[in-house]
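Let's take a walk through a protein model together, one feature at a time. Keep the structure open beside you as you read.

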Amino acid sequence: MGLLGWLQVSLSWALVSCEVNWIHLQEIDNNINGCDSQYHQHMIDHVLRKSNPKSLPVFEPSSINVTFYLLTSSNQNTSTKLTTGDIQSLQKSSFNSSNPTRIIVHGFCNCHLSEFCVTTRQKLLEHPQQYNVITMSWPSGKWIWNYWTARWRIVPASQILANFIDFLHSDGGMKLQDLYLVGHSLGAHLSGLAGKLVTNGKVGTIVGLDPAKPEFEVGKPDERLAITDASYVEVIHTNGKRLGLYEPIGHSDFYPNGGVNQPGCLPWWTGASCAHGRAWELYAESIESKLGFWSTLCSSLDKVRDTGCRSPKAKLKMGGDPIIQKGRGILTVQTKAKAPYAEGKLELSNHI
């Protein structure tokens, strides 16, 4: 079987997987529009097909269903749905304004029950620091051809998220400087757009996990995650030039293993799904990792894929919580091919 045939089989399997997952999750929550761990494959198909409508869709915030689910260390088993403007439900919940808040934002064909959301929130709930952990569920599509629609749905969804952040700040006492928005793929851009729209101040930190590339342009920062969207923007690039943006767009842009392919993943488009999802896996591990993902600054983007950027004197860590925000610029980090991915500090004998 040739490469094209292999891709077609893989994409067909992913499409069936998305349908099965969505039908199963509908039985759990009728508000879920899709929650597929193989959604990256649908993005690949979108890129290869390039079948975009001729006109832009227009969505009003009132036309899409967005839900926020709160979990805290004192209430880890049963999530509480929070609604903008519902002060009574917020006061009755386990939300504690004295603790930092983390809002997790999924990407295409996903939901709050996706592996990214569940794994990341669990790492945060197990952290010694107590957090308000909120997962956002938005209608991100359930079929391959929904990607283009999902891409534009992030616009009204970001307004809803911004309104929710303003509500938590004004009525819940949340400190904006203690807020992290953690978004993967389309969710990274959704988080950035929300940061632009917050009216009561500036979001403290946005973590963009391989921000989606299809239908986004680096030259249009108003439509994507940008360095101005929060006081600190950290970006982890794992599938640049394919499903993720490659260019630096934050205060700190980390390029694990060069930022295009990842060890343990197949090369080229055949490994794009694996590499795209590696961003959130690295971030989730970084929250609890004792070794840490130590990185070094690169003088330019051209140097990222050169081994010359590696150094045994690495002092800057990627991810973690709280994030150490001393490192600014283009950084590279080496990881293992399978979990646990962290290598810790480089030894002199390993320096290339």
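Start with a pair of cysteines, C265 and C274, which are joined by a disulfide with their sulfur atoms 1.9 Å apart. If the term is new to you, a disulfide is a covalent bond between the sulfur atoms of two cysteines. The bond here passes the test because the cut-off is 2.5 Å between the sulfurs. Look along the S-S bond and you get an angle of -65°, making the link of C265 and C274 left-handed. The two partners sit in different classes of cover: C265 is buried, because its relative accessible area is 14% and buried means under 20%. C274, at 31% relative accessibility, counts as partly exposed.

How many disulfides does the structure hold? The count is one. C117 shows why a cysteine can miss out: the closest cysteine sulfur, in C111, is 7.1 Å from the sulfur of C117, and that's too far for a bond. C117 is also buried, with a relative accessibility of 0%.

Before going further, a word about trust. You're looking at a predicted model, and its mean pLDDT is 82, with 76% of the residues reaching 70 or more. Residues 1-34 are a stretch to treat with care: the pLDDT there is below 50, even though the model gives this stretch 57 contacts beyond near neighbours in sequence. Residues 36-40 also have a pLDDT below 50, and they make 22 such contacts in the model. Where pLDDT is low, the predicted coordinates should not be read in detail.

Now zoom out to the whole chain. It has seven helices and 11 strands. Among its 352 residues, 57% count as buried. The accessible surface comes to about 14,900 Å², and carbon and sulfur atoms own 51% of that. Contacts also link parts of the chain that are far apart in sequence: of the contacts with a separation of 6 or more, 75% are between residues 24 or more positions apart.

Helix α6 is a nice place to see burial in action. This helix covers residues 186-197, 12 in total, and spans 17 Å from its first C-alpha to its last, close to the 16 Å expected. Is α6 mostly covered or mostly open? Mostly covered: 10 of its 12 residues are buried, including L186, H189, L190 and L193. An α-helix has 3.6 residues a turn, so residues three or four places apart point the same way. What do the buried residues of α6 pack against? Their partners are the strands β3 (101-105), β4 (132-137), β5 (179-184) and β6 (205-209), along with helix α5 (147-170).

You can follow one of these meetings from the other side. S158 is found in helix α5, and S158 touches L190, L193, A194 and L197, leaving out residues up to four places away in sequence. S158 counts as buried because its relative accessibility is 1%.

Next, find Y232 in strand β7, which runs over residues 232-236. With a relative accessible area of 0%, Y232 is buried. Y232 and T205 are 27 residues apart in sequence, yet their C-alphas are 4.8 Å apart in space.

Aromatic rings come next. A search of the whole structure turns up five aromatic pairs. Take Y246 and Y255: their ring centres are 5.4 Å apart and their planes meet at 70°, so the pair is edge-to-face. Both Y246 and Y255 are buried.

Finish with some backbone oddities. Most residues other than glycine have a negative phi, and most peptide bonds are trans. Which bonds here are cis? One joins D321 and P322, with omega about 0°, and P322 is found in the loop between β10 (316-318) and β11 (329-333). Another cis peptide bond joins A339 and P340, where omega is about -5°; P340 lies in the segment after β11.

As for positive phi, E215 has a value near 75° without being a glycine. E215 is in the loop between β6 and β7 and counts as partly exposed, at 23% relative accessibility. K241 also has a positive phi, about 75°, although it is not a glycine. You'll find K241 in the loop between β7 and β8 (252-256), where K241 counts as partly exposed at 48% relative accessibility.

How values were computed
Residues numbered from 1 in each chain as written. Predicted model: local features only at pLDDT ≥ 70, side-chain atom pairs only at ≥ 80, totals over all residues. Heavy atoms only, no water. Helix = DSSP H or I, 4+ residues; strand = E, 2+ residues; numbered from the N terminus. Buried < 20%, exposed > 50% of the residue type's maximum accessible area, 1.4 Å probe, protein only. Contact = heavy atoms within 4.5 Å. Areas by Shrake-Rupley, 256 points an atom, 1.4 Å probe, with all protein chains shown as cover. Expected span 1.5 Å × (residues − 1). pLDDT = per-residue confidence, 0-100. Phe/Tyr/Trp six-rings, centres within 6.5 Å; stacked < 30°, edge-to-face > 60°.
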